[in-house]
Amino acid sequence: MSESDDTRDPGNAERTTVRSNLDLPPDAAAPLLGAADENLVALERVLDADIHVRGNSVTLTGTSADVALAERVIGELVTLVGRGQRVTPDTVRRTSGMLTQGLSDSPADVLSLDILSRRGKTIRPKTLNQKRYVDAIDANTIVFGIGPAGTGKTYLAMAKAVQALQTKQVTRIILTRPAVEAGERLGFLPGTLHEKIDPYLRPLHDALHDMMDPESIPKLMQAGVIEVAPLAYMRGRTLNDAFIILDEAQNTTAEQMKMFLTRLGFGSKIVVTGDVTQVDLPGDARSGLRAATEILDDIDGIHFALLDSSDVVRHKLVSDIVDAYGRYEAERSSDVGIGNRAQRRGTGHRVQRR
(Lines give C-alpha, C1' and ligand atoms only; values in the text may rest on other atoms or scores of the structure.)
Protein backbone atom coordinates (compact mmCIF):
# COMPACT_ATOMS: atom_id res chain seq x y z
CA MET A 1 0.00 0.00 0.00
CA SER A 2 2.97 2.29 0.55
CA GLU A 3 6.46 2.50 -0.80
CA SER A 4 9.59 4.30 0.39
CA ASP A 5 12.00 6.28 -1.73
CA ASP A 6 15.72 6.10 -1.03
CA THR A 7 15.97 9.86 -0.61
CA ARG A 8 17.47 9.99 2.86
CA ASP A 9 18.89 13.14 4.41
CA PRO A 10 22.49 12.24 5.43
CA GLY A 11 22.22 14.58 8.39
CA ASN A 12 18.94 13.14 9.62
CA ALA A 13 18.15 9.47 9.17
CA GLU A 14 14.55 10.14 10.14
CA ARG A 15 13.84 12.28 7.05
CA THR A 16 13.21 9.37 4.70
CA THR A 17 10.60 10.29 2.10
CA VAL A 18 7.70 7.84 2.10
CA ARG A 19 4.93 7.56 -0.46
CA SER A 20 1.60 5.89 0.30
CA ASN A 21 -1.26 5.20 -2.11
CA LEU A 22 -4.81 4.94 -0.76
CA ASP A 23 -7.80 3.74 -2.78
CA LEU A 24 -11.01 5.33 -1.53
CA PRO A 25 -14.35 3.52 -1.77
CA PRO A 26 -16.07 4.75 -4.97
CA ASP A 27 -18.94 6.39 -3.08
CA ALA A 28 -16.64 7.99 -0.46
CA ALA A 29 -14.41 10.19 -2.60
CA ALA A 30 -16.86 13.03 -3.30
CA PRO A 31 -18.22 13.33 0.28
CA LEU A 32 -14.67 13.12 1.64
CA LEU A 33 -13.27 15.86 -0.58
CA GLY A 34 -16.30 18.11 -0.06
CA ALA A 35 -17.93 20.76 -2.21
CA ALA A 36 -15.31 22.54 -4.34
CA ASP A 37 -12.71 20.35 -2.59
CA GLU A 38 -13.15 22.33 0.65
CA ASN A 39 -12.25 19.31 2.77
CA LEU A 40 -9.16 18.62 0.66
CA VAL A 41 -8.04 22.20 1.26
CA ALA A 42 -8.60 21.70 5.01
CA LEU A 43 -6.57 18.46 4.91
CA GLU A 44 -3.69 20.24 3.20
CA ARG A 45 -3.73 22.91 5.91
CA VAL A 46 -3.69 20.57 8.91
CA LEU A 47 -1.40 17.83 7.54
CA ASP A 48 2.30 18.12 6.72
CA ALA A 49 2.24 15.31 4.15
CA ASP A 50 1.71 16.28 0.51
CA ILE A 51 -1.67 15.11 -0.79
CA HIS A 52 -2.46 14.35 -4.42
CA VAL A 53 -5.89 13.10 -5.48
CA ARG A 54 -6.70 11.50 -8.82
CA GLY A 55 -10.16 9.98 -9.08
CA ASN A 56 -10.56 7.63 -6.10
CA SER A 57 -6.81 7.36 -5.53
CA VAL A 58 -4.99 9.44 -2.92
CA THR A 59 -1.20 9.67 -2.89
CA LEU A 60 0.51 10.85 0.30
CA THR A 61 4.16 11.91 0.34
CA GLY A 62 6.29 12.99 3.29
CA THR A 63 8.10 11.67 6.31
CA SER A 64 6.99 8.37 7.75
CA ALA A 65 5.29 10.06 10.71
CA ASP A 66 3.52 12.66 8.55
CA VAL A 67 2.25 10.05 6.11
CA ALA A 68 1.11 7.75 8.93
CA LEU A 69 -0.89 10.60 10.50
CA ALA A 70 -2.43 11.50 7.14
CA GLU A 71 -3.44 7.87 6.58
CA ARG A 72 -5.16 7.75 9.97
CA VAL A 73 -6.99 11.06 9.44
CA ILE A 74 -8.27 10.02 6.02
CA GLY A 75 -9.19 6.58 7.35
CA GLU A 76 -11.29 8.12 10.14
CA LEU A 77 -13.00 10.46 7.67
CA VAL A 78 -13.80 7.55 5.36
CA THR A 79 -15.35 5.76 8.35
CA LEU A 80 -17.51 8.81 9.07
CA VAL A 81 -18.65 8.94 5.46
CA GLY A 82 -19.48 5.23 5.64
CA ARG A 83 -21.67 5.91 8.68
CA GLY A 84 -23.62 8.52 6.78
CA GLN A 85 -22.02 11.50 8.53
CA ARG A 86 -21.40 14.74 6.65
CA VAL A 87 -17.72 15.65 6.58
CA THR A 88 -16.90 19.36 6.77
CA PRO A 89 -13.65 21.33 7.15
CA ASP A 90 -14.43 21.53 10.86
CA THR A 91 -14.69 17.73 10.97
CA VAL A 92 -11.29 17.53 9.29
CA ARG A 93 -9.73 19.90 11.84
CA ARG A 94 -11.23 18.12 14.83
CA THR A 95 -10.26 14.66 13.55
CA SER A 96 -6.69 15.76 12.95
CA GLY A 97 -6.53 17.49 16.32
CA MET A 98 -7.65 14.38 18.21
CA LEU A 99 -5.15 12.15 16.42
CA THR A 100 -2.32 14.68 16.84
CA GLN A 101 -2.87 14.54 20.60
CA GLY A 102 -2.02 10.84 20.45
CA LEU A 103 -5.32 9.73 21.99
CA SER A 104 -6.36 6.12 21.61
CA ASP A 105 -10.04 6.90 21.07
CA SER A 106 -11.33 6.84 17.50
CA PRO A 107 -12.39 10.30 16.27
CA ALA A 108 -15.02 8.59 14.12
CA ASP A 109 -16.58 7.10 17.26
CA VAL A 110 -16.54 10.49 18.97
CA LEU A 111 -18.01 12.43 16.06
CA SER A 112 -20.71 9.88 15.19
CA LEU A 113 -22.26 9.54 18.66
CA ASP A 114 -25.82 10.76 18.10
CA ILE A 115 -27.58 12.16 21.15
CA LEU A 116 -30.67 13.78 19.69
CA SER A 117 -32.09 14.40 16.22
CA ARG A 118 -34.76 16.86 15.16
CA ARG A 119 -35.75 18.08 11.70
CA GLY A 120 -32.56 16.81 10.09
CA LYS A 121 -30.29 18.31 12.73
CA THR A 122 -28.36 15.92 14.95
CA ILE A 123 -26.74 16.89 18.23
CA ARG A 124 -23.53 15.01 18.96
CA PRO A 125 -20.22 15.67 20.76
CA LYS A 126 -17.53 17.35 18.69
CA THR A 127 -14.49 16.67 20.87
CA LEU A 128 -13.20 13.78 22.94
CA ASN A 129 -13.76 15.64 26.21
CA GLN A 130 -17.34 16.32 25.17
CA LYS A 131 -17.89 12.61 24.49
CA ARG A 132 -16.41 11.73 27.88
CA TYR A 133 -18.74 14.30 29.44
CA VAL A 134 -21.76 12.75 27.72
CA ASP A 135 -20.65 9.24 28.70
CA ALA A 136 -20.22 10.42 32.31
CA ILE A 137 -23.81 11.68 32.36
CA ASP A 138 -24.96 8.18 31.39
CA ALA A 139 -22.77 6.50 34.00
CA ASN A 140 -23.20 8.77 37.05
CA THR A 141 -26.02 10.24 39.14
CA ILE A 142 -24.42 13.68 39.53
CA VAL A 143 -22.08 15.18 36.96
CA PHE A 144 -20.31 18.54 37.10
CA GLY A 145 -19.46 19.97 33.68
CA ILE A 146 -16.78 22.59 34.25
CA GLY A 147 -15.28 24.63 31.45
CA PRO A 148 -15.14 27.98 29.66
CA ALA A 149 -17.79 29.54 27.46
CA GLY A 150 -18.55 27.75 24.22
CA THR A 151 -17.54 24.24 25.25
CA GLY A 152 -21.10 22.89 24.96
CA LYS A 153 -21.43 21.91 28.60
CA THR A 154 -24.98 23.26 29.00
CA TYR A 155 -26.17 22.45 25.47
CA LEU A 156 -25.09 18.80 25.68
CA ALA A 157 -26.65 18.46 29.14
CA MET A 158 -29.91 19.81 27.74
CA ALA A 159 -29.75 17.32 24.88
CA LYS A 160 -29.25 14.45 27.33
CA ALA A 161 -32.20 15.71 29.38
CA VAL A 162 -34.51 15.79 26.36
CA GLN A 163 -33.25 12.35 25.32
CA ALA A 164 -33.97 10.98 28.80
CA LEU A 165 -37.50 12.43 28.70
CA GLN A 166 -38.22 11.05 25.23
CA THR A 167 -36.97 7.57 26.18
CA LYS A 168 -39.00 7.69 29.43
CA GLN A 169 -35.96 7.43 31.69
CA VAL A 170 -37.40 10.40 33.58
CA THR A 171 -40.84 11.96 33.76
CA ARG A 172 -39.79 15.61 33.83
CA ILE A 173 -36.98 18.06 33.16
CA ILE A 174 -36.07 20.79 35.63
CA LEU A 175 -33.80 23.62 34.50
CA THR A 176 -32.53 26.22 36.91
CA ARG A 177 -30.03 29.06 37.18
CA PRO A 178 -29.12 31.55 39.89
CA ALA A 179 -30.25 35.08 38.99
CA VAL A 180 -27.11 36.56 40.49
CA GLU A 181 -26.52 39.18 37.82
CA ALA A 182 -29.79 40.88 38.79
CA GLY A 183 -28.93 41.13 42.47
CA GLU A 184 -30.44 44.15 44.15
CA ARG A 185 -31.22 45.63 40.73
CA LEU A 186 -33.96 43.07 40.11
CA GLY A 187 -36.58 45.44 41.43
CA PHE A 188 -35.65 48.10 38.88
CA LEU A 189 -36.53 45.84 35.96
CA PRO A 190 -40.05 46.34 34.55
CA GLY A 191 -42.81 43.75 34.79
CA THR A 192 -43.83 40.95 37.13
CA LEU A 193 -41.38 38.76 39.03
CA HIS A 194 -41.55 36.17 36.22
CA GLU A 195 -40.82 38.85 33.64
CA LYS A 196 -37.92 40.18 35.71
CA ILE A 197 -36.32 36.74 36.00
CA ASP A 198 -37.02 35.58 32.44
CA PRO A 199 -33.92 37.22 30.84
CA TYR A 200 -31.68 35.11 33.08
CA LEU A 201 -33.47 31.91 32.09
CA ARG A 202 -33.71 32.78 28.39
CA PRO A 203 -30.62 30.75 27.33
CA LEU A 204 -32.30 27.61 28.68
CA HIS A 205 -35.50 28.40 26.77
CA ASP A 206 -33.48 28.94 23.59
CA ALA A 207 -31.75 25.57 23.91
CA LEU A 208 -35.09 23.85 24.45
CA HIS A 209 -36.46 25.37 21.24
CA ASP A 210 -33.49 23.93 19.36
CA MET A 211 -34.26 20.43 20.58
CA MET A 212 -38.03 20.17 20.78
CA ASP A 213 -41.11 21.19 18.84
CA PRO A 214 -41.67 24.82 19.94
CA GLU A 215 -45.44 24.32 19.91
CA SER A 216 -45.20 21.50 22.45
CA ILE A 217 -43.00 23.33 24.95
CA PRO A 218 -45.73 25.59 26.47
CA LYS A 219 -48.00 22.58 26.94
CA LEU A 220 -45.23 20.57 28.60
CA MET A 221 -44.39 23.50 30.86
CA GLN A 222 -48.02 23.99 31.81
CA ALA A 223 -48.27 20.30 32.67
CA GLY A 224 -45.12 20.49 34.80
CA VAL A 225 -43.18 18.10 32.55
CA ILE A 226 -40.67 20.87 31.86
CA GLU A 227 -39.89 23.46 34.51
CA VAL A 228 -37.57 26.43 34.06
CA ALA A 229 -37.14 28.33 37.30
CA PRO A 230 -34.62 30.34 39.33
CA LEU A 231 -32.56 28.44 41.88
CA ALA A 232 -34.43 29.93 44.83
CA TYR A 233 -37.53 27.96 43.77
CA MET A 234 -35.73 24.66 44.49
CA ARG A 235 -35.61 25.10 48.25
CA GLY A 236 -37.69 22.66 50.30
CA ARG A 237 -38.38 20.26 47.41
CA THR A 238 -37.52 16.61 46.74
CA LEU A 239 -37.12 15.97 43.02
CA ASN A 240 -37.93 12.39 41.98
CA ASP A 241 -37.77 10.87 38.48
CA ALA A 242 -36.34 14.09 37.06
CA PHE A 243 -33.40 15.23 34.98
CA ILE A 244 -32.20 18.38 36.75
CA ILE A 245 -29.74 20.89 35.31
CA LEU A 246 -28.17 23.71 37.29
CA ASP A 247 -26.58 26.18 34.87
CA GLU A 248 -24.12 29.00 35.70
CA ALA A 249 -23.32 27.19 38.94
CA GLN A 250 -20.23 29.31 39.58
CA ASN A 251 -22.68 31.99 40.72
CA THR A 252 -24.11 29.91 43.55
CA THR A 253 -22.90 30.27 47.09
CA ALA A 254 -21.68 27.20 48.98
CA GLU A 255 -24.98 27.14 50.89
CA GLN A 256 -27.04 27.31 47.71
CA MET A 257 -25.04 24.49 46.12
CA LYS A 258 -25.59 22.27 49.15
CA MET A 259 -29.30 23.12 49.12
CA PHE A 260 -29.59 22.27 45.43
CA LEU A 261 -27.68 18.98 45.50
CA THR A 262 -29.71 17.72 48.46
CA ARG A 263 -32.92 18.10 46.39
CA LEU A 264 -31.94 14.84 44.63
CA GLY A 265 -34.67 12.23 44.79
CA PHE A 266 -35.09 8.64 43.57
CA GLY A 267 -34.74 7.99 39.85
CA SER A 268 -33.24 11.42 39.22
CA LYS A 269 -30.06 12.70 37.64
CA ILE A 270 -28.32 16.03 38.20
CA VAL A 271 -25.97 17.89 35.87
CA VAL A 272 -24.26 21.01 37.20
CA THR A 273 -22.53 23.28 34.68
CA GLY A 274 -20.36 26.31 35.21
CA ASP A 275 -17.15 28.21 34.55
CA VAL A 276 -15.07 28.90 37.65
CA THR A 277 -13.27 31.75 35.85
CA GLN A 278 -16.47 33.81 35.52
CA VAL A 279 -17.81 34.25 39.04
CA ASP A 280 -20.19 37.19 39.43
CA LEU A 281 -20.91 36.85 43.14
CA PRO A 282 -20.73 40.12 45.08
CA GLY A 283 -18.02 40.89 47.60
CA ASP A 284 -15.97 38.05 48.98
CA ALA A 285 -18.67 35.38 48.63
CA ARG A 286 -17.14 32.06 47.68
CA SER A 287 -18.42 30.20 44.64
CA GLY A 288 -20.41 27.09 45.51
CA LEU A 289 -19.03 25.41 42.40
CA ARG A 290 -15.46 25.90 43.56
CA ALA A 291 -16.35 24.62 47.01
CA ALA A 292 -18.05 21.54 45.55
CA THR A 293 -14.94 20.58 43.58
CA GLU A 294 -13.04 20.31 46.85
CA ILE A 295 -15.75 18.79 49.04
CA LEU A 296 -17.22 16.17 46.68
CA ASP A 297 -14.22 15.14 44.62
CA ASP A 298 -13.93 11.55 45.89
CA ILE A 299 -17.58 10.48 46.23
CA ASP A 300 -18.73 7.55 44.08
CA GLY A 301 -21.56 8.47 41.72
CA ILE A 302 -20.32 12.06 41.39
CA HIS A 303 -18.14 12.88 38.39
CA PHE A 304 -16.29 16.05 37.47
CA ALA A 305 -15.92 16.47 33.70
CA LEU A 306 -13.39 19.11 32.69
CA LEU A 307 -13.52 20.93 29.38
CA ASP A 308 -11.02 23.49 28.12
CA SER A 309 -10.34 25.82 25.21
CA SER A 310 -9.74 22.90 22.85
CA ASP A 311 -13.40 21.93 23.36
CA VAL A 312 -14.80 25.31 22.30
CA VAL A 313 -17.27 24.74 19.46
CA ARG A 314 -18.05 28.37 18.73
CA HIS A 315 -15.96 30.65 16.52
CA LYS A 316 -12.23 29.84 16.71
CA LEU A 317 -11.63 33.29 18.21
CA VAL A 318 -13.55 32.18 21.31
CA SER A 319 -10.91 29.51 21.94
CA ASP A 320 -8.13 32.09 21.45
CA ILE A 321 -9.87 34.51 23.82
CA VAL A 322 -10.23 31.82 26.50
CA ASP A 323 -6.53 30.95 26.20
CA ALA A 324 -5.48 34.61 26.34
CA TYR A 325 -7.48 35.27 29.50
CA GLY A 326 -6.11 32.06 31.02
CA ARG A 327 -2.53 33.22 30.44
CA TYR A 328 -3.33 36.65 31.85
CA GLU A 329 -4.88 35.22 35.02
CA ALA A 330 -1.96 32.81 35.48
CA GLU A 331 0.57 35.64 35.16
CA ARG A 332 -1.46 37.83 37.49
CA SER A 333 -1.65 35.09 40.12
CA SER A 334 2.08 34.51 39.81
CA ASP A 335 2.81 38.21 40.24
CA VAL A 336 0.97 38.35 43.57
CA GLY A 337 2.57 35.11 44.76
CA ILE A 338 -0.64 33.12 44.85
CA GLY A 339 0.31 30.60 42.19
CA ASN A 340 -2.03 28.41 40.22
CA ARG A 341 -2.83 25.18 42.05
CA ALA A 342 -4.66 23.77 39.03
CA GLN A 343 -1.52 24.07 36.91
CA ARG A 344 0.63 22.45 39.59
CA ARG A 345 -1.78 19.58 40.02
CA GLY A 346 -1.92 19.00 36.25
CA THR A 347 -4.88 17.92 34.18
CA GLY A 348 -6.92 14.74 34.09
CA HIS A 349 -10.40 13.41 34.61
CA ARG A 350 -10.42 14.50 38.23
CA VAL A 351 -11.32 18.05 38.99
CA GLN A 352 -8.82 20.89 38.90
CA ARG A 353 -9.12 22.71 42.19
CA ARG A 354 -8.68 26.42 42.42
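Start on the surface of this predicted model. Select Leu317, Ile321 and Tyr325: together they make a nonpolar patch there, with about 340 Å² of accessible area between them. Now extend the selection along the backbone from Leu317. That residue sits in helix H12, which covers residues 316-335.

**Inside: the cavities**

Next, go inside. How many cavities of 30 Å³ or more are there? The count is two.

Take the largest cavity, with a volume of about 40 Å³. To show its lining, select Leu24, Leu32, Leu33, Leu40, Leu43, Ile51, Val53, Val58 and Ile74. Colour by element of secondary structure. Helix H1 (29-33), helix H2 (38-46) and strand E3 (50-54) each give two or more residues to this lining. Now colour by residue class. The lining of the largest cavity has nine nonpolar residues, with no polar and no charged ones.

Move to the second largest cavity, which holds about 30 Å³ of space. Select Leu116, Ser117, Arg118, Lys121, Ile123, Asp210 and Met211, the residues that line the second largest cavity. Which elements supply at least two residues of the lining here? They are strand E5 (116-118), strand E6 (121-123) and helix H8 (193-211). E5 provides the largest share, three residues. Keep the class colouring on. In the second largest cavity, the lining splits into three nonpolar, one polar and three charged residues.

**The second largest pocket**

Switch from cavities to pockets. The second largest pocket has a volume of about 1,100 Å³. Its lining has 37 residues, and those closest to the centre are Lys126, Gly150, Gly152, Tyr155 and Val313. Select these five and centre the view on them. Then widen the selection to the elements around the pocket. Helix H4 (89-100), E6, helix H7 (153-166), H8 and strand E11 (269-274) each give two or more residues to its lining. Which element gives the largest share of the lining of the second largest pocket? That is H7, with four residues. By class, the lining of this pocket has ten nonpolar, 14 polar and 13 charged residues.

E6 and H8 deserve a second look. Both elements help line the second largest cavity, and both also contribute to the lining of the second largest pocket.

**The aromatic pair**

Now search for paired rings. The whole structure yields one aromatic pair. Select Phe144 and Phe304: the two rings are stacked, 4.6 Å centre to centre, with 15 degrees between the planes. Show the strands as well. Phe144 belongs to strand E7 (residues 142-146) and Phe304 to strand E12 (residues 302-306), so the pair ties together parts that are 160 residues apart in sequence.

**Salt bridges**

Last, turn to charged side chains. Side chains of opposite charge can pair when their charged atoms come close. How many salt bridges does a search of the whole structure find? It finds eleven.

Pick one to inspect. Select Arg93 and Asp90, which form a salt bridge with their closest N and O atoms 4.0 Å apart. Both residues lie in helix H4, three residues apart, about one turn of the helix. Keep H4 on display and return to the second largest pocket: this helix is one of the elements that give two or more residues to its lining.

Note on methods:
Residues are numbered from 1 along each chain as its sequence is written. This is a predicted model: local features need pLDDT of at least 70, side-chain atom pairs count only at pLDDT 80 or more; totals for chains, interfaces and linings use all residues. Side-chain values use heavy atoms; hydrogens and water are left out. Patches are made of residues with over 30% relative accessible area and no salt bridge: like charges are joined within 9 Å, nonpolar side chains (Val, Leu, Ile, Met, Phe, Trp, Tyr) within 5 Å. Accessible areas come from the Shrake-Rupley method with a 1.4 Å probe; for residues, only the protein chains shown count as cover. A salt bridge is a side-chain nitrogen of Lys or Arg within 4 Å of a carboxyl oxygen of Asp or Glu. On a 1 Å grid over the protein atoms alone, a cavity is a set of points where a 1.4 Å probe fits but cannot get out, and a pocket is an open set with protein on both sides within 12 Å along at least five of seven lines; lining residues have an atom within 4 Å of a point. Grid points are joined across faces, edges and corners, and a volume is the space filled by probe spheres set on the points. Ala, Val, Leu, Ile, Met, Phe, Trp, Tyr, Cys and Pro count as nonpolar, Asp, Glu, Lys and Arg as charged, and the others, Gly among them, as polar. Rings of Phe, Tyr and Trp (its six-membered ring) pair if their centres lie within 6.5 Å; planes under 30 degrees apart count as stacked, over 60 as edge-to-face and the rest as tilted.
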